[in-house]
Amino acid sequence: MAFFERLVDAFYDGVATDEVLLPLYPEQPDLTGARHRLKLFLAQYWGGPTTYMEERGHPKLRMRHFPFHVGPLERDRWLVHMAHAVEVTCDSAVPDGVADELMAYFVPAAEHLRNDTGLPISSSDPRGKQ
Ligand code: HEM
C-alpha cells in the first residue's frame with residue numbers, strides 16, 4: 001500500500017499541473033478523493049487488500065469513465081504522468097522488472113478506457129454530403 005501511495009501521489013502531482021486532464025476531475029482542484037480511489041484500486045488489482053471493492057463495489061472502470069471525455073490526447077497525457085510516476089517511484093529499493101510490469105498493464109488499460117476516437121469521422125453519416 002505504501003508503494004501505491006507513493007506512485008499515485010507522484011501521478012496526481014503531474015495531473016494537478018495538466019491543463020487537459022485537471023478540468024475532467026469533478027472535485028478539482030481537490031484531488032484527494034481521486035488519489036484515494038486510484039491507490040485502493042491499484043493495490044487491489046495487484047493482489048493487495050480489497051478495500052476498493054468494499055468502498056466502491058465492482059470497479060467497472062470503463063463505465064466509470066464514460067462521463068469523462070477520454071480521447072487519444074487524454075489517454076496520452078495520462079500515460080505521460082503515469083510513466084513519470086513509475087520512473088520516480090521505482091527506485092533502487094524496488095525489484096527489477098516492476099516498472100516494466102506496471103507499464104505493460106497501464107498502456108493497454110489506458111487505451112481500453114478511451115471512449116472517443118478523436119477522429120472527425122466518429123459521428124459522421126457515411127451516406128452524407130458529397
Ligand atoms: C486514459 C486516461 C484516463 C483519464 C483521462 C482518466 C480520468 C479519470 C477521472 C476524471 C476520474 C474521476 C475522478 C474521481 O474519481 O474523482 C477517474 C477515476 C478513476 N480512474 Fe481514471 N482516467 C484514465 C485512465 C485510468 C486508468 C488507466 C486507470 C487504471 C489503471 C484508471 C483508474 C481510475 C479509478 C480507479 C478511478 C476511480 C473510480 C471510482 O471508484 O469512482 N483511470 N479517472
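## Ground rules and overall make-up

Two residues are in contact here if their C-beta atoms, placed from the backbone, lie within 7 Å. On that footing, among contacts in the protein chain between residues at least 6 apart in sequence, 65% join residues at least 24 apart. This is a predicted model, so local features need pLDDT of at least 70 and side-chain atom pairs count only at pLDDT 80 or more, while totals for chains, interfaces and linings use all residues. Residues are numbered from 1 along each chain as its sequence is written.

The protein chain has six helices and zero strands, so its elements read α-α-α-α-α-α from the N terminus on; helices (H or I, at least four residues) and strands (E, at least two) are DSSP runs, numbered from the N terminus. The C-alpha trace spans about 60 × 30 × 25 Å along its principal axes. Of the 130 residues in the protein chain, 17% are buried. For burial, the count is of other C-beta atoms within 10 Å of a residue's own, with C-beta atoms placed from the backbone: 20 or more is buried, 12 or fewer is exposed, and in between is partly exposed.

## α1 and its two partners

Start with α1 (residues 2–15) against α5 (residues 72–89): they pack at an angle of about 135 degrees, with axes 8 Å apart. That makes α1 oblique to α5. Axes are lines fitted to C-alpha atoms, for helices over the stretch in contact, and angles run from 0 to 180 degrees between N-to-C directions. Under 35 degrees counts as roughly parallel, over 145 as roughly antiparallel, 65 to 115 as roughly perpendicular, and the rest as oblique. The crossing of α1 and α5 is right-handed; the term applies if the near helix is turned clockwise from the far one by less than a right angle, and anticlockwise would be left-handed. On the α1 side the contact uses F3, R6, L7, A10, F11, G14 and V15, and on the α5 side H81, M82, H84, A85, V86, V88 and T89. By class, that comes to nine nonpolar, four polar and one charged. Ala, Val, Leu, Ile, Met, Phe, Trp, Tyr, Cys and Pro count as nonpolar, Asp, Glu, Lys and Arg as charged, and the others, Gly among them, as polar.

α1 also meets α2, where the axes come within 9 Å and cross at roughly 135 degrees. These two helices are therefore oblique to each other, and their crossing is right-handed. Here F4, E5, V8, D9 and Y12 of α1 face A34, R35, L38, K39, L42 and A43 of α2. The mix in this contact is seven nonpolar, no polar and four charged residues.

## α5 against α6

Next up is α5 with α6: their axes come within 10 Å and cross at roughly 170 degrees. That makes α5 roughly antiparallel to α6, and the crossing is right-handed. R75, W78, L79, M82, A83, V86 and E87 in α5 meet A99, L102, M103, F106, V107, A110 and E111 in α6. This contact has eleven nonpolar, no polar and three charged residues.

## Around the ligand

Which residues come nearest to the ligand? Of the 23 around it, the answer is A34, R37, F41, W78 and A110, where being near takes a C-beta atom, placed from the backbone, within 6 Å. Two or more residues of the shell come from each of α2 (32–45), α4 (61–65), α5 and α6 (98–113). α2 gives the most, with five residues. The shell divides into 15 nonpolar, two polar and six charged.

## Loops worth a look

Most residues other than glycine have a negative phi, and most peptide bonds are trans. The bond from Q28 to P29 is cis, with omega near 10 degrees, and P29 sits in the loop between α1 and α2. K60, in the loop between α3 (51–56) and α4, has a positive phi near 40 degrees. K60 counts as exposed, because it has 10 C-beta neighbours inside 10 Å.

D18 also belongs to the loop between α1 and α2. Is D18 exposed or partly exposed? With 16 other C-beta atoms within 10 Å, D18 is partly exposed. Leaving aside neighbours within four places in sequence, D18 is in contact with R77 and H81. A93 lies in the loop between α5 and α6 and is exposed, with 7 other C-beta atoms within 10 Å. The C-alpha atoms of A93 and M53 are 29 Å apart, with their positions 40 residues apart along the chain.
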